[in-house]
Amino acid sequence: MLTSVQKEILQTLINLYQNSDGKSIKGEDIAEVMNRNPGTIRNQMQSLRSLSLVKGVPGPRGGYKPTIEAYHTFNISVLNESSEVPLYKNDKKLEGISVAKIEFTSVPHPGECEAAIKLLGNIKDLNIGDTVRVGPTPVNNMGIIGTIVGRDDMDNLILIDITTIRSIPKNTVYEIASLDIISLHPGDSIKSAAKVFAETKIDGAPVITEGVAIGIVSLTDIVKALVEGKEDLKVRDLMSKRLFFVDKDTKIAKAVYKMYKNGVSRLIVVDKEHTPIGIVTRTDLIEQITNLKNFPLVGHDIEDV
């Protein structure tokens, strides 16, 4: 069993190695971080090497590297770049630090839910009271927002009081899009477009000609034109040419980000030939993420559920 000093040395080595681009870590660097004598570090490293937790690298640029067993000792998965889970503080991503493990401590009581977050990297800039955001995780696109209520420097842990948990399904936009496209033609009158919207109960539609989307019209556009007495205009006269497309195999998480980034409420789903095959709206994405369609709220306010 490791002593507290050995655990601290090994954790510090892992943290430093996380940001070293594969370079070995010198004992002096570990000693500086821990504010200990370099001789103490060297002596303890001998024990850690005998336990196969540390690998010594000889030469002028040598030092120490953690072994896979070292990660297993702390129950940490060896992460690659594509699977790293980011951590944000006040909406700013913290560089040189990533999430190794998330353990919920009180899931049966969501109103009092806390999570212990095992981190790789230096956690000294994370303080009690800070608001942090974790994720998304690579497996289930889960994100967590909460306030730090505890910190354990020895085990590189923070304890957060969770305020929000979100998990975005891994479905593609094709699976949730409306594939029966209701479209307008450039020469359609505003009144005919308004009739289409009223009959189909939609509030926006692409303008398509010869299989190519050239614009998009919203119900707001039509109402504004009618109020201004411009009922003689054609769809081509008020359509927006600011279109946003998404490949049919795009994951929902990326579609959400694209909508948010560009400030739009609908994306045109296209196939490999860039032919429009469907529409995905903000409502489609919200329903898929929240799963509200499977939770009837008849007779209840959302606050009561």
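**Exercise 1.** Which residues form a nonpolar patch on the surface?

Before solving, some ground rules: this is a predicted model, where local features need pLDDT of at least 70, side-chain atom pairs count only at pLDDT 80 or more, and totals for chains, interfaces and linings use all residues. Residues are numbered from 1 along each chain as its sequence is written, and side-chain values use heavy atoms, leaving out hydrogens and water.

*Solution.*
- The patch consists of L219, V223 and V227, which together have about 260 Å² of accessible area (Shrake-Rupley, 1.4 Å probe).
- Patch members need over 30% relative accessible area and no salt bridge, and nonpolar side chains are joined within 5 Å.
- L219 lies in helix α7, residues 219-227 (a DSSP run of H or I, at least four residues).
- L219 is partly exposed, because its relative accessible area is 34% (the class between 20% and 50%).

**Exercise 2.** Find what the side chain of K118 contacts.

*Solution.*
- Start in strand β6, residues 114-120 (strands are DSSP E runs of at least two), where K118 sits.
- K118 is buried (under 20% relative accessible area).
- K118 has no salt bridge (Lys or Arg side-chain nitrogen within 4 Å of an Asp or Glu carboxyl oxygen); D155, the nearest side chain of opposite charge, is 5.0 Å away.
- Its side chain does make a polar contact with that of Q11, at 2.8 Å (N or O atoms within 3.5 Å, one able to donate a hydrogen, the other to accept it).

**Exercise 3.** Identify the covered face of strand β7.

*Solution.*
- In a regular strand, side chains alternate between the two faces of the sheet.
- In β7 (residues 131-134), V132 and V134 make up the covered face, and T131 and R133 the uncovered one.

Notes:
Buried < 20%, exposed > 50% of the residue type's maximum accessible area, 1.4 Å probe, protein only. Lys, Arg positive; Asp, Glu negative; His and termini not counted. Patch = residues over 30% accessible without salt bridge, like charges linked within 9 Å, V, L, I, M, F, W, Y side chains within 5 Å.
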